[in-house]
Amino acid sequence: MTRRLTFSGIVQGIGFRPCALRLALELGIKGQVKNSGGNAELIICANEQALDEFVQRLVSIFEIKDYQCEELEDIGFDDFKIVHSSKDNKTPFITPDLATCRECEAELHDKNNIRHNHPFISCVNCGPRYTIINTLPYDRENITMADFELCESCKREYTTASDRRCHAQTIACNHCGPTTSITIKEAIDTLLNGEILAIKDIGGYHLACDVNSPDSVKAIRKIKGRDSKPFAVMFSSVDEIEEYCFVNEKERELLLSPARPIVLLEKKKDFDFSVCGDSKYIGAFLPCNPIQIMLLDSISPLVMTSANVSGEPIIIDDDGINKFGVTVLSHNREILTPLDDSIVKVTANRTQFIRRSRGYVPLAIEIDNNAMCDTLCLGGDLKSAFAFHRDKYVFLSQHFGDLENVDVQNAFKNNINRFKGLHGFSIDKVVADKHPAYFSSNLFESDKAVQHHKAHVASVIAEHRLKGCVLGFAFDGTGYGDDGAVWGSEVIFYNGRKFERKEHLEYVKMLASDEVSKNADLALACYLGGNELIDKAISSNINTVLSSSMGRLFDAVSALLDIKHYNTYEGECACALEAVASTAKSEFCLTPTWNPTDILNQIKAANAPKENIALGFHIMIARLICKAANEYRENFDVNKIALSGGVFNNKLLTEAAICMLTEQGFEVYINELVPCGDGGIALGQAFIESMEV
């Protein structure tokens with residue numbers, strides 16, 4: 001009996017073909033396997049029992065989305081082989097970049113192994129994938145490793161079915177692989193001398209230095225133009241991380257996962273103030289590639305931050321990095337796609353993405369709504385990320401940053417074309433944010449404009465595949481409203497067919513200036529008055545806008561309590577407010593209200609320590625959410641609650657809201673596959689657009 005099997009899912013760059021070869025040899029199956037476009041295709045001769053076991057074992061090992069089986073006329077095969085790939089037009093599921101596996105790390109440290117201290121050691125289970133693919137199918141001639149011809153030793157491993165490197169496309173050794181611009185020892189010496197080192201990694205360059213060299217840390221801040229935003233810190237092991245941070249089991253799993261994201265962990269002890277400032281968290285992560293492993297073996301922990309001027313894209317080429325005037329550890333394997341490190345944290349034992357990038361992109365998210373045609377969803381302008389929706393899958397891009405920067409705009413446009421070409425997508429329909437002045441909204445002629453906060457709520461509904469009525473809370477700094485006002489504290493009711501705005505903070509007149517989102521004192525003055533110039537501008541409606549922003553209310557409370565008065569980076573005042581609130585011994589009770597002026601006046605009149613008032617403010621917002629939820633449960637029989645928007649990056653608020661809502665019998669959902677901030681907007685746009693299908 002001869003059959004053709006076609007598997008779709010994560011089946012390329014993950015060892016599917018060699019695994020199929022080994023299983024076929026074990027089960028006495030004859031035939032062939034090949035990559036076909038983004039899928040894997042097998043033609044096999046086997047009886048029914050062997051076929052069933054073969055398929056079941058493959059499905060249990062790999063992330064198979066679907067497979068098809070068709071009978072063919074009998075073909076006589078002498079054995080089972082991996083044959084040359086072909087192309088097809090089916091939807092590909094491309095493997096993200098994978099951290100160095102334990103076996104390769106052991107070989108890296110083994111003095112008797114041919115890959116001892118090989119800076120590019122990898123196998124079928126690990127190494128770069130998405131960042132080095134020119135085109136599909138995933139074969140050596142289609143990735144940047146095509147420039148490096150295999151030596152005889154590597155060829156033997158590549159063609160031996162029982163070997164871990166059988167058909168490992170990134171295979172190389174010290175004799176035939178890429179080379180570094182300076183030795184690892186020279187790079188280590190640079191760091192040990194307290195100097196800055198630029199390192200070419202998987203998705204771009206990092207700037208690194210010893211955490212105990214505050215002068216170098218400050219020099220990196222000067223290079224990047226980054227005054228106070230905390231730096232991520234790379235450690236050699238979880239044990240070392242636990243010297244500085246509290247780590248629970250879920251956080252440990254994330255740290256050790258193949259994606260190797262930065263995980264925001266609560267501080268146990270701190271570094272010099274120049275590293276993390278007054279943040280209550282350390283962004284900790286582990287090495288994800290051989291170069292990082294070897295560096296951290298000799299000096300750890302290290303400040304490790306993306307090599308770019310703040311607001312600009314991460315640098316991926318030598319010309320870009322040389323302008324910084326620091327020692328450079330480069331190599332001659334080309335990077336095709338820029339990828340920042342992903343950032344996550346654990347909230348209420350759930351994973352929250354701050355930034356979804358390396359290790360997760362371009363994994364698809366399956367939703368219930370099918371797209372009738374290939375749809376490009378452009379997201380928003382802040383923390384930009386686009387998506388393509390085909391069939392029931394939404395493929396999100398990596399994080400790019402804010403589209404006010406021309407270089408970020410170019411990276412965004414270029415990667416739409418690359419993403420489209422690599423996956424074989426077309427652009428049959430375009431969906432954008434409703435903001436008429438967004439760069440992303442004007443990049444293409446859009447077929448549909450989706451309101452920002454409705455997209456936030458829809459992103460939660462989409463990823464959790466929720467049915468029926470849902471009450472969503474979309475809290476953030478800004479989003480263009482259906483009425484032209486600045487929205488940001490929206491209660492959105494979804495009845496299974498449409499999204500309706502039901503509640504929000506009462507509108508306040510604010511200056512229509514970007515400075516309001518940075519200067520917390522300016523925001524406070526818009527709420528409470530007391531500044532003659534601002535009062536006059538507001539009373540005369542000179543360059544003002546109506547706002548229901550929850551983000552600005554957090555800023556105003558921070559300023560009123562004299563905690564922090566200016567955002568040198570997005571959310572800085574709110575983070576400081578949360579940090580102070582987390583130190584409170586008790587809560588100063590505030591009355592829940594949708595009137596922001598009343599909230600601020602309650603705080604102004606409060607006679608209590610600022611940390612107790614800060615905690616009381618967080619708890620009051622959580623109670624406000626619960627109050628609205630109970631009203632809508634009573635009136636509309638809704639029991640599912642969705643929380644989204646950048647304000648819910650606030651762990652204290654989010655955990656308080658989840659706890660209160662759960663205790664009252666609600667089912668509570670947050671974004672766990674995409675960021676709750678604007679990096680998840682494209683997913684919501686895809687869901688809303690495909691509702692009409």
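**Exercise 1.** Is asparagine 543 buried or exposed?

*Solution.* The model is a predicted one. Begin with the position: asparagine 543 sits in the loop between helix 15 (532–539) and strand 23 (544–547). Next, take the backbone: phi of asparagine 543 is near 55 degrees, a positive value in a residue other than glycine. Last, take the accessibility. The relative accessible area of asparagine 543 is 51%, and the class exposed begins over 50%. Asparagine 543 is therefore exposed.

**Exercise 2.** Find the loop that holds aspartate 637, then classify the residue by accessibility.

*Solution.* Aspartate 637 belongs to the loop between helix 19 (610–636) and strand 24 (640–644). Its phi is near 55 degrees, which is positive although the residue is not glycine. The relative accessibility of aspartate 637 is 68%, so the residue counts as exposed.

**Exercise 3.** Locate the cis peptide bonds that precede proline 137 and proline 362.

*Solution.* Take proline 137 to start with. The bond joining leucine 136 and proline 137 is cis, with omega about 5 degrees. Proline 137 is placed in the loop between helix 3 and helix 4 (152–159). Then take proline 362. The peptide bond from valine 361 to proline 362 is cis, and its omega is near 15 degrees. The loop between strand 14 and strand 15 contains proline 362.

**Exercise 4.** Lay out the nine-stranded sheet and identify its edges.

*Solution.* Write down the strand order: 12-6-7-11-8-10-9-13-14, an open sheet with mixed pairing. Strand 12 (327–329) and strand 14 each have a single partner strand, so they stand at the edges and one side of each has no neighbour in the sheet. Neighbouring strands are turned against each other by 35 degrees on average, direction ignored.

Now look at one pair inside the order. Strand 7 (residues 205–210) and strand 11 (residues 302–306) are antiparallel and share five bridges. Histidine 206 stands opposite serine 306 of strand 11.

Finally, add the helix. Helix 20 (residues 651–663) lies across strand 10 (281–285), strand 13 (343–347) and strand 14, and it runs at about 40 degrees to strand 13.

**Exercise 5.** How many cavities of 30 Å³ or more are there, and what lines the largest cavity?

*Solution.* The count is seven cavities. The largest cavity has a volume of about 160 Å³. Its lining has 21 residues, and the closest to its centre are Pro128, Ile202, Asn289, Pro290 and Arg333. Sorted by class, the lining of the largest cavity holds 11 nonpolar, five polar and five charged residues.

**Exercise 6.** Describe the second largest cavity and the element that gives the most to its lining.

*Solution.* The volume of the second largest cavity is about 100 Å³. Of the 16 residues lining it, Gly13, Ile14, Gly15, Arg17 and His167 lie nearest its centre. Helix 1 (residues 16–27) gives the most to this lining, with three residues. The class division is eight nonpolar, six polar and two charged.

**Exercise 7.** Which element gives the most residues to the lining of the second largest pocket?

*Solution.* The second largest pocket has about 910 Å³ of space. Its lining has 40 residues, of which Leu256, Ser257, Pro258, Ala259 and Arg260 are the closest to its centre. Elements that give two or more residues include strand 4 (63–72), helix 8 (249–256), helix 10 (290–298) and strand 15 (364–377). Helix 8 gives the most, with four residues. By class, the lining of this pocket has 21 nonpolar, eight polar and 11 charged residues.

Definitions and conventions. Residues numbered from 1 in each chain as written. Predicted model: local features only at pLDDT ≥ 70, side-chain atom pairs only at ≥ 80, totals over all residues. Heavy atoms only, no water. 1 Å grid on protein atoms, 1.4 Å probe; cavity = no way out; pocket = protein on both sides within 12 Å on 5 of 7 lines; lining within 4 Å. Points joined across faces, edges and corners; volume = space filled by probe spheres on them. Nonpolar A, V, L, I, M, F, W, Y, C, P; charged D, E, K, R; others polar. Pairing = 2+ DSSP bridges. Axes fitted to C-alpha atoms, helices over the stretch in contact; angles between N-to-C directions. Contact = heavy atoms within 4.5 Å. Buried < 20%, exposed > 50% of the residue type's maximum accessible area, 1.4 Å probe, protein only.
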